[in-house]
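Student: I've got a fold to go through and could use some company. Can we take it question by question?

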Amino acid sequence: MARFQPLPSVVHFTQLFGSVAKMKEYSTVISLFKEIRELGIPINDYTLNILINCFCRLNRVDFGFATLGIFYKCGYTPDVTTFTTLINGYVLEGKTSEAVNLFRRLTKYGDIEPNEITYATVIKGLCKVGDTTMAIRLLRSMQKWNSRPTVVMYSTIIDNLCKDGNIDDALRLLSEMREWDIMPNVVTYNSVVDGLCILGRWEDATRMLSDMMEQNIFPNVITFTMLVDALCKEGRTEEAEDILDIMIRRGEKPGVITYSALMDGYCLRGQMKKAKEVLPS
């Protein structure tokens with residue numbers, strides 16, 4: 001492409017960079033960028049955003065910020081994508097406080113209006129460090145910017161609450177989703193079912209399974225396997241068998257983990273014959 005005369009459009013070079021970045025060959029993109037700069041091949045703001053993302057993916061958010069100088073030098077203005085990428089870079093490096101501070105500076109001065117991806121990135125970072133209180137507060141502040149929370153944002157926080165054992169807070173957030181007319185998906189329900197199983201709240205877990213089906217959200221192999229595993233650990237292998245039957249009737253194919261959980265349950269109860277028979281022929 002660099003030898004073509006006339007040169008291909010900057011769009012084509014940027015598409016090439018984007019494709020290489022999707023292959024996670026971030027160092028290659030950086031090397032190619034240096035090469036086209038030496039050859040005098042033009043770049044645009046999209047090219048620079050890809051470059052910043054590559055630096056951030058390599059845990060060099062400092063180089064990402066340094067790239068902002070090229071933005072201004074070339075006459076481009078960093079946009080919400082640019083700063084969201086830098087925020088994500090901080091999150092990837094485990095520097096959530098810096099990510100939150102950058103987000104606050106952007107929103108305080110109003111230069112950049114955050115979008116759904118910006119919010120989702122900060123929420124992911126907050127949940128990563130266990131600050132679900134701040135994540136929920138940020139979720140509810142989205143109205144200020146006329147943004148609408150997404151199922152991914154709610155699911156991220158709900159999953160974190162469930163892992164921390166705060167299942168009642170997770171259930172309240174699940175109800176709040178519906179008030180916003182945001183339908184939970186199978187990922188959301190899986191987190192809640194798992195949290196209920198860990199706490200031994202079997203009736204609530206079963207009710208959640210029924211609720212999923214009523215909402216036309218069909219449990220997947222992960223949902224069923226979690227229930228089978230949890231029941232077997234409690235020695236309730238008969239109920240686990242019932243769940244396995246429902247799973248098969250629903251067209252979900254049990255995996256190795258599902259059968260292993262059932263076998264462990266039989267072994268715990270000394271039902272060695274059933275443990276040997278559980279594997280499909």
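**Core, helices and loops**

Tutor: Sure. Keep in mind that this is a predicted model. Its largest nonpolar core has 82 residues, and the members touching the most others are L86, I123, I157, I158 and V192.

Student: Take I157 from that group. Which residues does I157 touch, not counting those up to four places away in sequence?

Tutor: I157 is one of the core members that touch the most others. Skip the residues up to four places away in sequence, and the list for I157 is I123, C127, A135, I136, L139 and L173.

Student: What about secondary structure: how many helices and how many strands does the protein have?

Tutor: Helix α9 covers residues 151-163, and α15 covers residues 256-268. For the whole protein, the count is 16 helices and zero strands.

Student: What radius of gyration does the protein have, next to that of a compact globule of 281 residues?

Tutor: The C-alpha atoms fill a box of roughly 75 × 45 × 30 Å along the principal axes. A compact globule of 281 residues would come out near 19 Å, but the radius of gyration here is 24 Å.

Student: And what share of the contacts with a separation of 6 or more comes from residues 24 or more positions apart?

Tutor: One pair with a separation of that kind is V151 and M177, which are 26 residues apart along the chain and in contact. Across the protein, residues 24 or more positions apart account for 57% of the contacts with a separation of 6 or more.

Student: Staying with V151, how far is its C-alpha atom from that of M177?

Tutor: V151 is in helix α9. Leaving aside neighbours within four places, its contacts are M177, I182, M183, P184, N185 and T188. The C-alpha separation between V151 and M177 is 7.9 Å.

Student: Next door is V152. Is V152 buried or exposed?

Tutor: V152 is in helix α9 too. From its C-alpha to that of K124 is 9.6 Å, with their positions 28 residues apart in sequence. The cut-off for exposed is over 50% relative accessible area. V152 has 51% relative accessibility, so it counts as exposed.

Student: Now a threonine. Why does T258 count as buried?

Tutor: T258 is in helix α15. Apart from neighbours within four places, it contacts V221, T225, V228, L244 and M247. Buried means under 20% relative accessible area, and T258 counts as buried because its relative accessibility is 1%.

Student: T237 is another threonine. Which residues is T237 in contact with, leaving aside neighbours within four places in sequence?

Tutor: T237 is in helix α14, residues 237-249. At 1% relative accessibility, T237 counts as buried. With those neighbours left aside, the contacts of T237 are C232, L262, G265, Y266, R269 and Q271.

Student: On to backbone angles. What is the phi of K24?

Tutor: K24 is in the loop between α1 (10-22) and α2 (26-38). K24 is exposed, with a relative accessible area of 62%. It is not a glycine, yet its phi is positive, at about 65 degrees.

Student: N59 has a positive phi as well. Where is N59 found?

Tutor: N59 is a residue other than glycine, with phi near 60 degrees. Its relative accessible area is 42%, so N59 is partly exposed. Its place is the loop between α3 (45-57) and α4 (61-73).

Student: Last one, on charges. How far apart do the centres of the positive and negative side chains lie?

Tutor: The accessible surface is about 15,300 Å², with 53% of that belonging to carbon and sulfur atoms. As for charges, there are 32 positive and 34 negative side chains, and the centres of the two sets are separated by 5 Å.

Key:
Residues are numbered from 1 along each chain as its sequence is written. This is a predicted model: local features need pLDDT of at least 70, side-chain atom pairs count only at pLDDT 80 or more; totals for chains, interfaces and linings use all residues. Side-chain values use heavy atoms; hydrogens and water are left out. Helices (H or I, at least four residues) and strands (E, at least two) are DSSP runs, numbered from the N terminus. The radius of gyration is taken over C-alpha atoms; the globule rule is 2.2 Å times the number of residues to the power 0.38. Contact means heavy atoms within 4.5 Å. Accessible areas come from the Shrake-Rupley method with a 1.4 Å probe; for residues, only the protein chains shown count as cover. Lys and Arg count as positive and Asp and Glu as negative; His and the chain ends are not counted. The place of a charge is taken as NZ of Lys, CZ of Arg, CG of Asp or CD of Glu. A nonpolar core is a set of buried Ala, Val, Leu, Ile, Met, Phe, Trp, Tyr and Cys residues joined through side-chain atoms within 4.5 Å. Buried means under 20% relative accessible area, exposed over 50%, partly exposed in between (1.4 Å probe, protein chains only).
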